[in-house]
Amino acid sequence: MAATKSRQPKNKSWLISILLFGTLIAMSLVSLTNPQRSSDKKFADAPEVSISQITRGYSEGKFSKISVRDNKVFVETVTGAVLQSYKESRDTVSQLGWNDPSNATVVEVENREAQNMLVAILPDLLFLLLVIFGLIWLFRGIARSQSTAMSFGKSRAKVADATQVKTRFKDVAGMEESKEELVEVVDFLKNPKKYTVIGAKIPKGVLLVGQPGTGKTLLARAVAGEAGVPFFSIAGSEFVEMFVGVGASRVRDLFAKAKRNSPCIIFIDEIDAVGRQRGGAGFGGGHDEREQTLNQILTEMDGFEQETNVIVIAATNRPDVLDQALLRPGRFDRRIFIDKPDLEAREKILEVHTKNKKMGKNINLNVIAQKTVGLAGADLENIMNEAAIFAAKGKNKTVSQKDIDNAVEKVALGPEKRSRKLSEKEVRITAYHEVGHAIVGHLCPESDALHKISIVSRGNALGVTWFLPQEDQFTTSKQKFLDEICGLLGGRAAEELIFKEITTGASNDLERASAIARNMAMRYGMGDDDLGLVTYGEKQGSMFQGVDPSTARNYSEEQARNIDDFVRDTINKQYTRALGMLKKHKTKLESITKTLLKTETMDKDEFVEIFTGKKAKKRK
Ligand code: ADP
Ligand code: MG
Ligand code: ZN
C-alpha cells in the first residue's frame, strides 16, 4: 500500500505556518518601530504655537533644534522645552528664513517621503502576501481531498505484497486443466534460471478467457499466491479516464513499479476495455485514449528483457473483440479458456464456499450442483451466501439443505414478491398459464425436465415454470428447438383454451419462441428448403460489452421474406401442437391448476402424481 500512496511532504505545511507567523510578527514590529509614532510621543503634549512665532524664536536664537517633518514642525528650545507647529506645505525652510548660516539652531528636515511610501504600502503588501498564502493553503487542501485528480498520471494498480496473496490453487475448485497450465507459470516465476539456462523463453503474457464469474481473477491471484510473488492488479477500464494520455502514463507507471518488484505478476482485468481492435469503424473507432493505452501496453511488453521476471496475466470475456496485436507471439500468446463449471466442478465449488460457514448435517451438495446447471462460480458463491443469510434470518444455528434450496431459487429466479397483490382472476390466469407450460413441456420428448411450478411472483414474472436442462449438452437438435418453442407457447395456449381470451402475460414467452425460430432459420440451417444450409446475417463486433452484436443484413428481400415465413409457420405449427396437447388433457389441466392455486408451488413429483394418477417414484 505504501508504494502507491503519494508522498505528502509534511515540512511544507510547516514552512507555510512559519511564514505566516513570521509575517504577523514583522507587521507588528514595523508598526512599533514606526518613527512617526515614537517622536509623536515626545511631542504629544507640546504646546502649539504659530509658525511666525517659531520664525521669530529662530531669529532670536531661542531654539536648539527645529525638526520639520512634512507639515509638522517640532521645536526644542534651549531651555529644553518643546513646542510644535504646522506649516503650509508650500513653505520651505528657506522661504521661512530658517537657513541662516550664522544661526546656531539645528534645522533638521526629515525627508521621509520614500520611507513613508514604504511604511504606507507595507501593510497592504503583507496583507496581499497573507491572502496569497491563504489561497495556496486552501488550494492544497482541496487538492489533497481530490488526490485522484491530482495524481491521475500515477497507476492506480492496487499492490498486494507477496505475503498478502493468500489464495492458493486449492481455493480454486475444478478447472484442473487450467490449473495445470498455470502450474508452469508458477514455476517460471519461482525458478526462472531453470528455463533461461536451456535457452527457453519465459512467456510474458497469459490471457484468461471466460465468462464473468468463472473465476479468472481468483485463478490469477492463486498463481501469485502459489509463486509467492507480489500481485499488481488493475482493471482495463481504469486506464481509460477522462484525460487523454492518462492511460498510457498509468501503464508506464504500473510496469515500472512491477519491474522494481520483480518477480511479480501484473493482472489486467477486463483487458477488452483497452484492447479492442484498433482503428475500427463505428462508435468505438479512433478512440485515441484507448489506442494509446493499448500501444503502451504492447511497447512495455516488448521491452521486457529476458531477465525481467514479470508475467502479465490478462482476463477477458470477449476474446473476439481483442486486437490481433495483443495475441501475437511474445505477448499474450498463452490463452487459457475457462468454461462454466460442470456438475463435478460445481459440487466442488459449493464445497469450497461451505468451508467458512456453519453447515448443518446431511447436506447434499450434489443435489444442489444438479440444480445449478449453467451457473458460474460466482453464482454458486452467491447461493451459499444467500443460504447463510436465510439461515440467519430463520434464527438457525447452521445452514440447512432447505436454506440452500431457497437460495438456489432466489438466485435463479429472482426474489419472491409475496407482497405483490394480484386480482383473483389474474392469479387464476397465471396458474392455468404455468400449468399449461408444465403439461406441454412434460409431454414434449426433448424438453428439459420439469423442476417446479410456482405462482408466487418473483422478479418480473407473475409465475414461473422451471425446467432444468440436462447436464453436458453442447449441441441441440432441431426437435429440441421445436419442443422448446412448443413448451413456451403452452402457457398462452392454456389461457386461450380456458378463458377464450388473451392477456399480455405471454409476451416474454412469444419473444423467446420467435427468437429460437429465427435462430433456427438464420444460424443453424434448420429452416426450410428455400433457405438451405446458408447462414444469414453477418455478425458485427459489438461496441459495448453485454450487448449482442448487431447483425448486418447480407441477404435479399426474398430470403428475408422466407425467413419471416419460416418463423411464422413454425410458431403457428407449435402453437397448434401445444393447444392439441392441452385439449386432450383438459381435465388434468383443470385438476392440477386447482391444486396449484391451493399450494402455490408444486414440484415435479407432485405434478407427475396428479398427471399420471399414480404415485411417482421418489427421484433422488
Ligand atoms: P471473474 O474474474 O472470472 O469474473 P472471479 O474470479 O471474480 O470471476 O470470481 C468471483 C468469485 O466466484 C470468486 O471470488 C470466488 O469466490 C467464486 N468462484 C468462481 N470460480 C470459482 C472456483 N472455481 N472455485 C471457487 N470459487 C470460485
Ligand atoms: Mg474478474
Ligand atoms: Zn409463460
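In what order do the 4 strands of the open sheet stand? The views below start there, and everything shown comes from a predicted model.

**View 1. A four-stranded open sheet with mixed pairing.** Read across the sheet and you get the strand order 3-2-1-4. Strand 3 (82–86) and strand 4 (106–110) sit at the edges with a single partner strand each, so one side of each is left without a neighbour in the sheet. Going from one strand to the next, the twist averages 15°.

**View 2. Strand 1 and its two pairings, one parallel and one antiparallel.** Strand 1 covers residues 63–69 and pairs with strand 4 in the parallel sense, over 5 bridges. With strand 2 the pairing is antiparallel, and here there are 6 bridges. Ser67 is a handy place to look: its bridge partner in strand 4 is Glu108, and it stands opposite Phe74 in strand 2. Is strand 1 mostly covered or mostly open? Mostly covered, with 5 of its 7 residues buried. As a rule of thumb, side chains in a regular strand alternate between the two faces of the sheet.

**View 3. The hairpin of strand 1 and strand 2.** There are 2 residues between the strands of this hairpin. If you're checking backbone angles, stop at Asp70, which takes a positive phi near 55°.

**View 4. Helix 3 lying across the four strands.** Helix 3 is made of residues 51–59. It lies across strand 1, strand 2 (72–77), strand 3 and strand 4. Relative to strand 1, helix 3 runs at about 140°.

**View 5. A nonpolar surface patch that includes Leu130.** Which residues make this patch of about 480 Å²? Phe127, Leu130, Val131, Leu135 and Leu138 do. Leu130 belongs to helix 5, which takes in residues 113–145. With a relative accessible area of 32%, Leu130 counts as partly exposed, because that label goes to values between the 20% limit for buried and the 50% limit for exposed.

**View 6. Ile336, a buried residue in strand 10.** Strand 10 spans residues 334–338, and Ile336 has its place there. Why does Ile336 count as buried? Its relative accessible area is 2%, and buried means under 20%. Leaving out residues up to four places away in sequence, Ile336 touches Ser178, Glu181 and Leu182, plus a run made of Val206, Leu207, Leu208 and Val209. Ala315 is 21 residues from Ile336 along the chain, and their C-alpha atoms are separated by 9.6 Å.

**View 7. A three-stranded open sheet with antiparallel pairing.** Now for the other sheet in this set. Its 3 strands come in the order 12-11-15. Strand 12 (464–468) and strand 15 (601–603) are the edge strands, and each pairs on one side only. Here the twist averages 20° from one strand to the next. Strand 11, residues 449–454, is joined to strand 15 by 3 bridges in the antiparallel sense. Within that pair, Lys452 stands opposite Asp603.

**View 8. Helix 17 and helix 21 packing on the three-stranded sheet.** Helix 17 (residues 424–443) touches strand 11 and strand 12, and its direction makes about 25° with that of strand 12. Helix 21 (residues 586–599) touches strand 11 and strand 15. Compared with the direction of strand 15, helix 21 points at about 120°.

Key. Residues numbered from 1 in each chain as written. Chains lettered and ligands numbered in written order. Predicted model: local features only at pLDDT ≥ 70, side-chain atom pairs only at ≥ 80, totals over all residues. Heavy atoms only, no water. Pairing = 2+ DSSP bridges. Axes fitted to C-alpha atoms, helices over the stretch in contact; angles between N-to-C directions. Contact = heavy atoms within 4.5 Å. Buried < 20%, exposed > 50% of the residue type's maximum accessible area, 1.4 Å probe, protein only. Patch = residues over 30% accessible without salt bridge, like charges linked within 9 Å, V, L, I, M, F, W, Y side chains within 5 Å. Areas by Shrake-Rupley, 256 points an atom, 1.4 Å probe, with all protein chains shown as cover. Salt bridge = Lys/Arg side-chain N within 4 Å of Asp/Glu carboxyl O.
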